Amino acid sequence: MSDQQVDHGKRTWLIATSCAGAVGGVATAVPFVSTFTPSERAKAAGAPVEVDISGIKPGEKLTVEWRGKPVWIVRRTPEQLAALSKFDNELADPNSARTAYPTPAYAKNAARSIKPEFLVVVGICSHLGCSPSDKFQMGPQPSLPDDWHGGFLCPCHGSTFDLAGRVFKNKPAPDNLEVPPHMYLSDAKLLIGEDKAA
């Protein structure tokens, strides 16, 4: 032990500045570390997107963004579902067999969906990338056949799609609308961008 006397003022000053430095370091580190969590924009750019579908009424559509693309979630009515099988002979690819936009195995059915009442598709026409318009109302309308049973019309070049996102024959669009990977987390929650449980 030394015979030197301890300078308590200097010790207090050293402790105080050390504490202030530690607090400053934490205050600086927290915002820096928080930048490692993906922003909403980054999530939309590539990360899976979780969607609450509980508020979608039959006959309505919800649009969300995933990877910079619009994804449509349509809750089809029983009448709309019943009409899907009536026009298979008028569709270019009724069984979604083409591979330009591979259709997941769980959507290779007449409704092109996991749950028949919900359609989940990327809202971009397979022709030149325009976004088709909703034409859910049945019956004759401009640019649509007289026996129209609801679906989508691309305003750019006239391609028509049924309410399963399947393209009709003799239209510019070469393929059906893309079905993105997706899965249901619950009856009210849909995850777009991932289709395998972790």
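Author: Helices (H or I, at least four residues) and strands (E, at least two) are DSSP runs, numbered from the N terminus. This is a predicted model, in which local features need pLDDT of at least 70 and side-chain atom pairs count only at pLDDT 80 or more, while totals for chains, interfaces and linings use all residues. Residues are numbered from 1 along each chain as its sequence is written, and side-chain values use heavy atoms, with hydrogens and water left out.

Reader: Where is Asn176 found?

Author: Asn176 lies in the loop between strand 7 and strand 8 (182–184).

Reader: Why does Asn176 count as buried?

Author: Buried means under 20% relative accessible area, exposed over 50%, and partly exposed in between, with a 1.4 Å probe and protein chains only. Asn176 has 5% relative accessibility and therefore counts as buried. Across the chain of 198 residues, 34% are buried.

Reader: What does Asn176 touch, not counting residues up to four places away in sequence?

Author: A contact requires heavy atoms within 4.5 Å. By that rule Asn176 touches Asp93, Ser96, Tyr101, Arg112, Ser126, Phe161, Gly165, Arg166 and Val167.

Reader: What makes a polar contact of the approach between the side chain of Asn176 and the backbone oxygen of Asp93?

Author: A polar contact is a pair of N or O atoms within 3.5 Å; within protein, one must be able to donate a hydrogen and the other to accept it, and residues adjacent in sequence count only if both atoms are side-chain atoms. The side chain of Asn176 reaches the backbone oxygen of Asp93 at 3.0 Å. A polar atom of the Asn176 side chain also lies 2.8 Å from the backbone nitrogen of Val167.

Reader: How do you know that there is a cavity, and which residues line the largest cavity?

Author: On a 1 Å grid over the protein atoms alone, a cavity is a set of points where a 1.4 Å probe fits but cannot get out, and lining residues have an atom within 4 Å of a point. Grid points are joined across faces, edges and corners, and a volume is the space filled by probe spheres set on the points. The count is 1 cavity of 30 Å³ or more, and the largest cavity holds about 50 Å³ of space. Its lining consists of Asp93, Ser96, Arg98, Tyr101, Thr103, Arg112, Asp175, Asn176 and Leu177.

Reader: How far apart are the C-alpha atoms of Asn176 and Thr103?

Author: The C-alpha atoms of Asn176 and Thr103 are separated by 9.2 Å, and these residues are 73 residues apart along the chain.

Terms used: On a 1 Å grid over the protein atoms alone, a cavity is a set of points where a 1.4 Å probe fits but cannot get out, and a pocket is an open set with protein on both sides within 12 Å along at least five of seven lines; lining residues have an atom within 4 Å of a point.
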